[in-house]
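Subject: Handing over the structure

Hello,

Here is the structure I promised to pass on. Please have it open while you read, as my notes follow below.

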Amino acid sequence: MKRIKFIIVGVIMATFMSTLLGCNAIDNSVIAPIKSTLSEKYGKSFTVAAIGDRIDRDTATAYVYADDNPTMRFVVRVDKTGKVVYEDYPYRLMCRMMENKIKNTFEKYSIKSECFVMFTPKIRINVSTDMTFDEFFNVNSPESASTNIIVLSDDNLTGENIVNVYTEIGNFLGDIDFATSLRVLTERDFNTVKEKIRNEVEPFDLYTVKSYGAIDNIKELYIKVEDGEMPWTASEIDFELGKE
């Protein structure tokens, strides 16, 4: 029985290694057209950070960043001929502007944070890289901004400060709803995962944060600002944070 198990494991490993070796050749044929297509389109250089799963698929998914902004990753898909059939670089630029706005607002109240923003509906057509944030909103009229946020748990993380942050962001967004999952991390966990969260290309959940190396208890708050109204009071947030 042991011999059979060893043979099975050996076959699996051999198959896995052959797949990896095959992928290296495919990667070279995928990376070059992605970089050249994006560079020609946007007038700057790009780096392919990773290639996603493409077994039994008609397209390959790549995670890419512009060399002048390496923490902002976006998705590119190419077909079997190497042609880029999808990319969301301009859309992600708009999302990053919002992410930076959120991060800067938290920093105003001495709270460290990282986040990922996705607009609903997810608009990619009427977007260009030279748009301002106001132009993006005026042209596309998104209904809401869905946001996953991690914050550092320290003395600055109070109900009053969180209310102030969300009120400012709500005022900035106006009629656009602002729905967030706020996750409170210890200093050890925050420092472990913050860079990976900054590089995210899709909404993250609690499992993702754990998979990035967070090991301590994580408090979660779901906060949705509608019509500029903050639904939580400072004392309610303090209670959830265990500060009362």
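Let me begin with a small puzzle: which residue follows helix 3, and is its phi positive or negative? The residue is Ser 141, and its phi is positive, near 45°. Please bear in mind throughout that this is a predicted model.

**Helix 3**

Since we are already there, a few words on the helix itself. Helix 3 covers residues 133-140, and its buried residues are Phe 133, Phe 136, Phe 137 and Asn 140. Viewed along the axis of helix 3, these buried residues fall within an arc of 95°, so they line one face of the helix. Asp 134 and Asn 138 are exposed and sit on the face turned away from that buried side. As for what the buried residues pack against, their partners are helix 2, strand 5 and helix 4.

**The sheet of strands 5 to 8**

Two of those partners lead on to a sheet. Four strands form an open sheet in the order 5-6-7-8, and the pairing is mixed. Its edges are strand 5 (113-120) and strand 8 (219-225), each of which pairs on one side only. From one strand to the next, the twist averages 15°.

Helix 2 (residues 89-108) packs on this sheet, where it touches strand 5, strand 6 (144-152) and strand 7, and its direction makes about 135° with that of strand 5. Helix 4 (residues 159-173) lies across strand 6, strand 7 and strand 8, and runs at about 150° to strand 7.

If you want a place to look at the pairing, try strand 7 (residues 177-185) and strand 8: they run antiparallel and are joined by seven bridges. There, Val 184 stands opposite Lys 219 of strand 8.

**The sheet of strands 1 to 4**

The other open sheet I would point you to has four strands in the order 1-2-3-4, with antiparallel pairing. Here the edge strands are strand 1 (46-51) and strand 4, each pairing on one side only. Neighbouring strands of this sheet are turned by 35° against each other on average, with direction ignored.

Strand 3 (residues 73-79) pairs with strand 4 (residues 84-87) in the antiparallel sense over three bridges. Val 76 stands opposite Glu 87 in strand 4. The two strands form a hairpin with four residues between them, and in this hairpin Gly 82 takes a positive phi near 90°.

Helix 2 turns up here too: it lies across strand 1, strand 2 (59-66), strand 3 and strand 4, and it runs at about 165° to strand 3.

**Helix 5**

Next comes helix 5 (residues 187-198). At 1.5 Å a residue, its twelve residues should span 16 Å, and the end C-alpha atoms are 16 Å apart, which agrees. Asp 189, Phe 190, Val 193, Ile 197 and Arg 198 are the buried residues of helix 5. They cover an arc of only 135° around the axis, so they are on the same side of helix 5. These buried residues pack against helix 2, strand 5, strand 6, strand 7 and helix 6 (206-211).

Glu 187 belongs to helix 5 as well. Is Glu 187 buried or exposed? Its relative accessible area is 53%, so with exposed meaning over 50%, Glu 187 is exposed. The C-alpha atom of Glu 187 is separated by 8.0 Å from that of Asp 154, and the two residues are 33 residues apart along the chain.

**The nonpolar cores**

Finally, the interior. The largest nonpolar core has 54 residues, and those with the most contacts inside it are Ile 34, Phe 119 and Tyr 166. Which element gives the most to this core? That is helix 2, with eight residues.

Leaving out residues up to four places away in sequence, Ile 34 touches Val 48, Ala 62, Val 64, Val 76, Val 78 and Val 84. Another core, of eleven residues, lies apart from the largest one. Phe 116, Ile 150, Leu 152 and Ile 218 are among the residues of that other core.

Happy browsing, and do write back with your thoughts.

Best wishes

How values were computed. Residues numbered from 1 in each chain as written. Predicted model: local features only at pLDDT ≥ 70, side-chain atom pairs only at ≥ 80, totals over all residues. Heavy atoms only, no water. Pairing = 2+ DSSP bridges. Axes fitted to C-alpha atoms, helices over the stretch in contact; angles between N-to-C directions. Contact = heavy atoms within 4.5 Å. Buried < 20%, exposed > 50% of the residue type's maximum accessible area, 1.4 Å probe, protein only. Arc of directions from axis to C-beta. Expected span 1.5 Å × (residues − 1). Core = buried A, V, L, I, M, F, W, Y, C linked by side-chain atoms within 4.5 Å.
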